[in-house]
Every structure is written in C-alpha cells, then in structure tokens.
Number of protein chains: 2
Amino acid sequence: MTDIEKTLKDKQVNPTAMRILVLDFLIKQTAAISLNDLEKGMAPSDRITLYRTLKTFEEKGLVHSIEDGSGATKYALCEQDCDGENHHDLHVHFYCNTCNETFCLPNTKIPEISLPKGFKQEEMNLIIKGVCELCS
Amino acid sequence: MTDIEKTLKDKQVNPTAMRILVLDFLIKQTAAISLNDLEKGMAPSDRITLYRTLKTFEEKGLVHSIEDGSGATKYALCEQDCDGENHHDLHVHFYCNTCNETFCLPNTKIPEISLPKGFKQEEMNLIIKGVCELCS
DNA sequence: GCTAGTTTGCAATAGCATTGCATCGCTATA
DNA sequence: TATAGCGATGCAATGCTATTGCAAACTAGC
C-alpha cells in the first residue's frame with residue numbers, strides 16, 4: 001500500500017483510483033487550488049467527479065476550503081490533526097494580488113479576538129491580501 | 001438638501017432618486033445585506049440598477065462589500081473616513097450560523113499579524129462565524 | 001458469481017455576477 | 001430655447017460556479 005492509500009484509509013476514505021490521483025495532485029501543490037485548477041492540472045476527468053472528490057476530502061478532514069474572494073472556492077491539504085468534525089485550519093490564508101495564488105501560512109495563527117458580549121465564536125477565517133514572497 | 005443627499009455629494013456621487021432610496025434603505029439596516037435583500041426590501045426596481053448602485057457606492061467609499069461564505073456578496077455602510085482609494089473597514093465581520101445574518105463589529109479591530117518574511121500586506125479580511133447576540 | 005452499496009459520468013439546473021446596448025434625463029453652452 | 005454630451009437607468013443576454021438527479025460502472029463481501 002502506498003503512502004497515499006494509507007493516508008486515505010486513515011481518514012476513512014476508500015482509496016479509489018480517482019481519489020489517489022487527486023490526492024497525489026494536491027500533495028504536489030504549493031498553493032491552494034480551485035476546482036478549475038484541478039481539472040486543468042489532471043489527466044482529463046469528469047469535472048463533477050472532481051468536485052465531489054474534493055467535497056468528500058473536505059468532509060473527511062483531508063482538505064479545507066478557502067474563500068479568498070476570487071469567486072472560486074479553493075482547496076488545500078489540511079494539517080495532520082484535522083478530522084471530519086473539526087478543521088484545525090486556524091492559520092492565516094494569504095492571497096497574492098499579483099499572481100492571484102492563495103497560500104496557507106500554517107505557522108501564522110489567528111490571534112484570539114475578544115468579541116462583544118453575547119457573540120459566541122465557532123469558526124474563524126482570516127484572509128490577508130497583498131504581495132507574496134515570490135512576487136515581491 | 002437632506003442629510004442623505006449631502007452624504008452622497010460628499011462622496012462624489014450624484015444624488016439621483018434611486019441612489020437616495022438605496023442609501024436610505026442601507027442606513028436603516030442593522031446587518032449587512034445582499035443584492036437580493038436589497039431588491040426584496042425596496043419598492044420594485046431593476047435588479048441590475050441596484051447592483052450597479054451598490055458597485056458605485058463601493059467605489060466611492062460609501063459601502064464595503066463582505067464575502068461571508070454564504071455565496072452572495074453582502075454590503076454594509078462604511079465608517080466615515082472611507083474613500084474610493086481606501087476602505088478602512090479593518091474591523092471584524094461576524095456571520096451568525098443561526099440567523100444567517102452578517103454583522104459589522106466596528107469596535108472589534110483585527111490585530112496586527114506578523115507575516116513571514118517576503119509577504120507584504122495590503123488588505124485584511126476576518127470573518128468570525130458563530131452565534132450572534134440576538135440568537136444566543 | 002451474485003448482491004448491495006459506493007463511486008463515477010453525464011445531463012440538467014439554479015443562482016450570482018457581469019456586460020452590452022438602447023433609452024432617458026439632466027446639464028452646460030451656444 | 002435648442003442641442004450636444006454625459007451619466008444613469010432598464011432590459012436582454014451571458015458566463016461561471018455550485019449543486020443535484022439518475023443511471024451505469026465498479027468494489028467488497030457473501
């Protein structure tokens with residue numbers, strides 16, 4: 001069994017051929033990718049299947065989705081300790097206005113925010129836009 | 001001249017009848033609204049005109065747009081000191097998972113984040129999801 | 001090998017965002 | 001006042017992303 005198959009099984013995802021290909025592709029990325037990026041980057045495959053594969057991965061805690069304001073949802077691999085119940089992706093996401101790529105900054109955590117009385121926090125999502133390492 | 005007309009002129013927006021109505025409606029809101037909300041809340045008007053009115057307001061610094069992950073862009077009035085160049089909306093936005101409303105928390109600012117070397121920050125966008133004051 | 005459940009592929013649809021174009025109306029100027 | 005010009009409006013049409021239904025293909029377990 002390959003590492004990829006093992007990763008899938010660990011997260012309770014049946015390691016089908018398609019899923020292995022998608023996960024393999026995701027692992028190779030340095031930035032978060034959209035469904036379109038995935039479709040273009042892989043051998044010709046059905047778009048809807050790719051869409052559902054990403055959804056499945058998200059449900060099972062393999063990837064997390066990022067709304068970076070570009071209109072298209074992007075996906076990136078989760079850290080080890082995510083599961084279907086909780087995505088521990090409380091890191092900052094960075095959108096580069098120059099190359100239009102979205103990056104996870106896993107070591108840049110979102111600080112605690114004290115909310116006004118009565119507001120109960122469940123999730124957080126911080127997008128910083130600017131110029132990335134490579135473009136600056 | 002009414003206050004609303006004055007506000008429009010201050011921001012270099014011609015105070016047409018439609019724009020006065022839209023701004024009046026926006027001022028009365030307690031939460032950010034989507035194009036759909038605006039269309040439903042006002043006397044029957046052309047949706048595209050409403051869309052362009054919001055875009056104009058945004059360009060001129062009257063409102064800022066919020067991507068709360070609900071799929072539809074929402075809009076809320078800016079603070080006084082916004083202009084076309086710079087939206088000073090560095091406050092937190094709160095999305096209530098119960099009532100599905102999005103609120104500006106103008107007094108809850110986004111703290112400074114130190115980015116990894118090479119990343120240059122231009123804008124920030126923090127959405128916190130949870131349960132709001134009224135729903136809790 | 002057969003059956004049940006899962007996965008995949010195709011078709012179709014819904015909803016938001018956006019543009020093009022023609023019309024209308026206001027303003028400035030001769 | 002007549003008119004030219006520009007901005008604002010309304011209608012039509014389109015593009016793109018997300019999403020669902022259904023049937024065929026596949027897989028695992030008996």
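Two strands are taken as paired where DSSP finds at least two bridges between them. In this predicted model, that criterion is met across the boundary between the two protein chains: strand 6 of chain A and strand 6 (residues 120–131) of chain B run antiparallel and are joined by 11 bridges. Within this pairing, Leu126(A) lies opposite Leu126(B) of strand 6 of chain B.

The relation between the two chains was examined by superposition. Chain A is brought onto chain B by a rotation of 180° with 0.0 Å of shift along the axis, at an RMSD of 0.1 Å. This is the relation of a two-fold axis. Leu126(A) has the C-alpha nearest the axis in chain A, at 2.2 Å from it. The residue that faces its counterpart in the strand pairing, Leu126(A) opposite Leu126(B), is thus also the one named for chain A at the axis.

The contact between the chains draws on 28 residues from chain A and 28 residues from chain B. On the side of chain A that touches chain B, at least two residues each come from strand 4 (91–96), strand 5 (102–109) and strand 6 (120–131) of chain A. The greatest contribution to this side is that of strand 6 of chain A, with 12 residues. By class, the side of chain A that touches chain B comprises 14 nonpolar, 8 polar and 6 charged residues. Since 100% of the interface residues of chain A are interface residues in chain B as well, the copies meet through the same surface.

The strands at this contact belong to an open sheet of 6 strands, ordered 5(A)-4(A)-6(A)-6(B)-4(B)-5(B), in which the pairing is mixed. Its edges are formed by strand 5 of chain A and strand 5 (102–109) of chain B; each has a single partner strand, so one side of each lacks a neighbour in the sheet. From one strand to the next, the twist averages 30°. Towards the chain A edge, strand 4 of chain A and strand 5 of chain A are paired in the antiparallel sense through 5 bridges. Tyr95(A) has Thr102(A), in strand 5 of chain A, as its bridge partner.

A further sheet is found in chain B. It is open, with 3 strands in the order 1-3-2 and antiparallel pairing. Strand 1 (33–34) and strand 2 (63–66) of chain B occupy the edges, each with a single partner strand, so that one side of each has no neighbour in the sheet. Strand 2 of chain B and strand 3 (residues 74–77) of chain B run antiparallel and are joined by 4 bridges, and Val63(B) stands opposite Leu77(B) of strand 3 of chain B. Helix 4 of chain B packs on this sheet and touches strand 2 and strand 3 of chain B, its direction making about 110° with that of strand 2 of chain B.

Strand pairing was also examined in chain A. Strand 1 (residues 33–34) of chain A is joined to strand 3 (residues 74–77) of chain A by 2 bridges, and the two run antiparallel; Ser34(A) has Lys74(A) as its bridge partner in strand 3 of chain A. Strand 2 (residues 63–66) of chain A runs antiparallel to strand 3 of chain A, with 4 bridges between them, and Ser65(A) is partnered by Tyr75(A).

Helix packing in chain A involves helix 2 (residues 17–28) and helix 4, whose axes come within 10 Å and cross at roughly 70°. These two helices of chain A are therefore roughly perpendicular to each other. The contact is formed by Met18(A), Arg19(A) and Val22(A) of helix 2 of chain A with Thr49(A), Leu50(A) and Thr53(A) of helix 4 of chain A. Its residues divide into 3 nonpolar, 2 polar and 1 charged.

Both chains contribute to the surroundings of each DNA strand. Around DNA strand C there are 17 residues, of which Asn14(A), Thr16(A), Met18(A), Thr49(A) and Thr73(B) come nearest. Helix 4 of chain A gives the most to the surface near DNA strand C, with 4 residues, and that surface has 6 nonpolar, 8 polar and 3 charged residues. Around DNA strand D there are likewise 17 residues, the nearest being Thr73(A), Asn14(B), Thr16(B), Met18(B) and Thr49(B). Here helix 4 of chain B gives the most, with 4 residues, and the surface near DNA strand D has 6 nonpolar, 8 polar and 3 charged residues.

Conventions. Residues are numbered from 1 along each chain as its sequence is written. Chains are lettered from A and ligands numbered from 1 in the order in which they are written. This is a predicted model: local features need pLDDT of at least 70, side-chain atom pairs count only at pLDDT 80 or more; totals for chains, interfaces and linings use all residues. Two residues are in contact if their C-beta atoms, placed from the backbone, lie within 7 Å. Ala, Val, Leu, Ile, Met, Phe, Trp, Tyr, Cys and Pro count as nonpolar, Asp, Glu, Lys and Arg as charged, and the others, Gly among them, as polar. A residue is near a molecule or strand if its C-beta atom, placed from the backbone, lies within 6 Å of it. Axes are lines fitted to C-alpha atoms, for helices over the stretch in contact, and angles run from 0 to 180 degrees between N-to-C directions. Angles under 35 degrees count as roughly parallel, over 145 as roughly antiparallel, 65 to 115 as roughly perpendicular and the rest as oblique. Copies are superposed by least squares on the C-alpha atoms of residues with pLDDT of at least 70 in both.
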